[in-house]
Amino acid sequence: MLVIVTSGVFLLLHLTPGDPIDVMMAESADATVKENLRRELGLDRPLAVQYIRWMGRLLRGDLGRSIRNGEPVIENVSRRIRPSLELALLAMAISLVVAFPMGILSAVRRGTGADRVGTTFALFGICMPNFLLALLLIFLFGVTLRWLPISGYTDPLEEPLAGMRSLALPAITLGLALAAVVTRTLRSSLLEALAEDYVRTARAKGLSEWKIIRGHVLKNALIPVVTVLGLQLGTLIGGAVITEYVFALPGVGRLVVDAVFARDYPLVQGVVLLIALGFIASNLLVDVLYGWIDPRIRHR
Amino acid sequence: MTLSRRSFLAMCTGASAAPFLIDPRPAFAQQTPKKGGTLRVGFYIEAATMDPHLSGSKIDRQVYHNVYEPLVTLDVKLGIRPGLAESWQQPDNRTLIFKLRRGVRFHDGTEFNAQAAKFNFDRMKTEPKSVRKGEVASIEAVDVVDPATVKISLKRPDAALLATLTDRAGMMVSPKVIQERGAELERNARGAGTGPFEFVEWVKDDHILLKRNESYWNKQGGPYLDRVRYRPIPDDTVKLQSLQGGEIDVIDYVQPRDVAAVKADRNVVVVDVPSLADFSYQVNHARPPFNVKALRQAVACGLDIEQIVKGVWLNVGVPANGPIPPTSWAYDKTIPPIKRDLARARAKLAEGGKAGGFSFTLTTNNIPINIQEAEVMQAQLGEAGITMKIKLVDSATLLADGNSKNFDLISYQWSGRPDPDGNTYQFFKTTPGTSLNWSGISNAQIDALLDKTREASSQADRKKLFSDLTKILQDELPMIFIIHPIEPKAFSPRVQGYEPIPDGMMRFKDVWLK
């Protein structure tokens, strides 16, 4: 799969109009300098030769160097992966903290005021564009109240408090959108599970509603939720492009967008490889969780 | 402090021999400067390299003008003043002799002298990746006369060279740093400059940090700031909110759509810096339909540039009569921008054999203001019977289409150069192969005029030549000139002492924090 992804990206990128040297030297008309650079970077070679050389390096564990800043791709990517990963995990945590109580309450109290609050929140979260929510949060917490930093990144592993503060607004932005999806998924899958015969049996046995939910229903309703979370985690590892852009977070999402605009081929290829790996890892994690949630899956 | 459109226009029209400018000093310099503090600057993009000889990005220059110093500098009226050279002489039009300032040291402690200057020029001319080669192409040789004197011999007269040396081509880098650090200079400029601030660190994707040069040679005024910290904030709205929220003290550019609101905010000081820029459209002379002059003229007459500047740019700039901005001494205020004249447009269509109108494609950047401008142009040309399709592309595709001449009409936004040569020669001189002359214009009269502007030694003579050139350009139309934009910069009220120079570069030597 990785070979298909990397080959596809390589071809699509090179077929896209635009030249990295033109972008680097937009203000210069010196064709000789441009040609020298093109030769130095091997961009004058036929496409097939460039691809074979790139694959050869990849097999040796070398992702090449960024055309734009000359640094190894692996250095660029490793510098950016940490903020994206921290943001993804924090957003995921926020979404779980919000979505689980809200989804369960909506399902259990279906048709009541609590359900309406839950479904309205979910609708709002799904419909609200990320950038708009981000700007509203910035205006409220950054400009008006001045409680949280508006943009930039501090590593939470180096300065825990400042780091968490710098990630707070982007994580809330992403977390609320994700919470909306999880709330809806959890509600509908809980409602489906609540209609099962074993729930009626449990109720007939006189078990409390909370015990039924916690002990029987929730675990059975988790499969679709885990699927959604797994897919979202894969996407978030690949970078939440708009959120990172708005909050000036130096993550993978911003890196790949900048690299595409600059036609920085090796960098785009490196990041896409990383995103593909992220998806594979999160799918693997989801498969493992399926087995834990429903042992029947393990025995199939 | 702000400058109204009326004042701006008044300054423009009042600029004859002396260029117009905005003098912010009354607003900024009423109090006694004090030392200390960190100035936090927000830019839309990260710098590309710390090596001025390899730099092709405008944002790099913002940092360089605080770390490095050129041989000569610009003042607020775009006059050329001593920099690392305390004086210069031109015994003939092929020789330039610089008397260098004594007692100047690079941040690494080595001495700046004639040998260092020669080293820099030689590197700009020979380094394979040098982006400065074109700017110093007229230089034949650089000779050390004595430790404080360099003689530059030119292959051909180049009246624009002195102005070119006010920017990256004139910036002196420590030879020791280049020799010892080589390519690492691109990421680490520690010790490399002579300027009022020293490079401290560049944390990629996060910030560039400078600190005050305690041994700065110029004891008049600053540097006052302890540190300058540059941060990339790509989103314009967030960058502005970061200023309003007190997270940063300066932003390099306020979008026209935000200017009115920001000016109304008492917690922000806006300085309208008239720029050297020229925003226009290159017209492809090499293929139909615009290989026919009358059809180019039909489009020019069908457009209402004043309306575009008013409605799209919200008057954050002035309608352009040509490539030379009102900030320049060469600007000719007697030449009006091309006026909309639908009757003439229709007559030109008939003259070009397209009385029923014709269709062409405009290629432009996929960014909001360009899209708005294109839509307005589309509507205006529609009234003249001309159908304009819009092709939206990213910057890389725009450059590729321009360089390969794969366009009819294409957006071109040039940041401008202090000497009018930088806004004209490379765009309109006959140049085979890839060049910034995307229109492909090849006109003997224009070529001769451009060469004369380099040979003429008096500014008055050059101004006359540039006026003649502007008139021909309005007729031949290698470009359709739209606007000379203003570059509004916004500051926290704490920031004092900023002097706006129309090249748009923010020099912080005399800036201090209240």
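Two strands are taken to pair where DSSP finds at least two bridges between them. Helices (H or I, at least four residues) and strands (E, at least two) are DSSP runs, numbered from the N terminus. The structure is a predicted model, in which local features need pLDDT of at least 70 and side-chain atom pairs count only at pLDDT 80 or more, whereas totals for chains, interfaces and linings use all residues. Residues are numbered from 1 along each chain as its sequence is written, and chains are lettered from A and ligands numbered from 1 in the order in which they are written.

In chain B, four strands form an open sheet with antiparallel pairing, in the order β4-β5-β7-β6. Strands β4 and β6 (139-146) of chain B occupy the edges with a single partner strand each, so one side of each lacks a neighbour in the sheet. On average, and with direction ignored, neighbouring strands of this sheet are turned by 20 degrees against each other; angles run from 0 to 180 degrees between N-to-C directions, and axes are lines fitted to C-alpha atoms, for helices over the stretch in contact. Four bridges connect strand β4 (residues 85-89) of chain B with strand β5 (residues 95-100) of chain B in the antiparallel sense, and a hairpin of five residues joins β4(B) to β5(B). Within this pair, Ser87(B) stands opposite Lys99(B) in β5(B), while Gln89(B) has Ile97(B) as its bridge partner. Helix α4 (residues 114-126) of chain B lies across β5, β6 and β7 (149-154) of chain B and runs at about 165 degrees to β6(B).

A parallel arrangement involves strand β1 (residues 38-43) of chain B, which is mostly covered, with five of its six residues buried. A residue is buried if 20 or more other C-beta atoms lie within 10 Å of its own, exposed if 12 or fewer, and partly exposed in between, the C-beta atoms being placed from the backbone. Strand β1(B) is joined by six bridges to strand β10 (residues 227-232) of chain B, and the two run parallel; here Phe43(B) has Pro232(B) of β10(B) as its bridge partner. Two bridges in the parallel sense pair β1(B) with strand β11 (residues 250-251) of chain B, where Val41(B) stands opposite Val250(B).

Chain A, by its element count, has 14 helices and zero strands. Its C-alpha atoms fill a box of roughly 85 × 55 × 35 Å along the principal axes, and buried residues make up 40% of its 300 residues. Two residues are in contact if their C-beta atoms, placed from the backbone, lie within 7 Å. Of the contacts in chain A with a separation of 6 or more, 71% are between residues 24 or more positions apart.

Helix α1 (residues 2-15) of chain A and helix α13 (residues 265-293) of chain A have axes that come within 10 Å and cross at roughly 150 degrees. The two helices, α1(A) and α13(A), are therefore roughly antiparallel to each other, given that angles under 35 degrees count as roughly parallel, over 145 as roughly antiparallel, 65 to 115 as roughly perpendicular and the rest as oblique. The crossing of α1(A) and α13(A) is right-handed, a crossing being left-handed if the near helix is turned anticlockwise from the far one by less than a right angle, and right-handed if clockwise. Residues of α1(A) in this contact include Val5(A), Val9(A) and Leu13(A), and those of α13(A) include Val268(A), Val272(A) and Ala276(A). By class, the residues of the contact of α1(A) with α13(A) comprise 10 nonpolar, three polar and no charged; Ala, Val, Leu, Ile, Met, Phe, Trp, Tyr, Cys and Pro count as nonpolar, Asp, Glu, Lys and Arg as charged, and the others, Gly among them, as polar.

Helix α9 (residues 197-204) of chain A is hardly covered, with zero buried residues among its eight. Gly206(A), which follows α9(A), has a positive phi near 90 degrees. Gly163(A) is found in helix α8 (residues 160-194) of chain A and is partly exposed, with 17 other C-beta atoms within 10 Å. Residues up to four places away in sequence not counted, Gly163(A) touches Thr154(A), Asp155(A), Pro156(A) and Glu158(A).

The contact between the chains takes 37 residues from chain A and 38 residues from chain B. On the side of chain A that touches chain B, α7(A) gives the most, with five residues. This side of chain A has 22 nonpolar, seven polar and eight charged residues.
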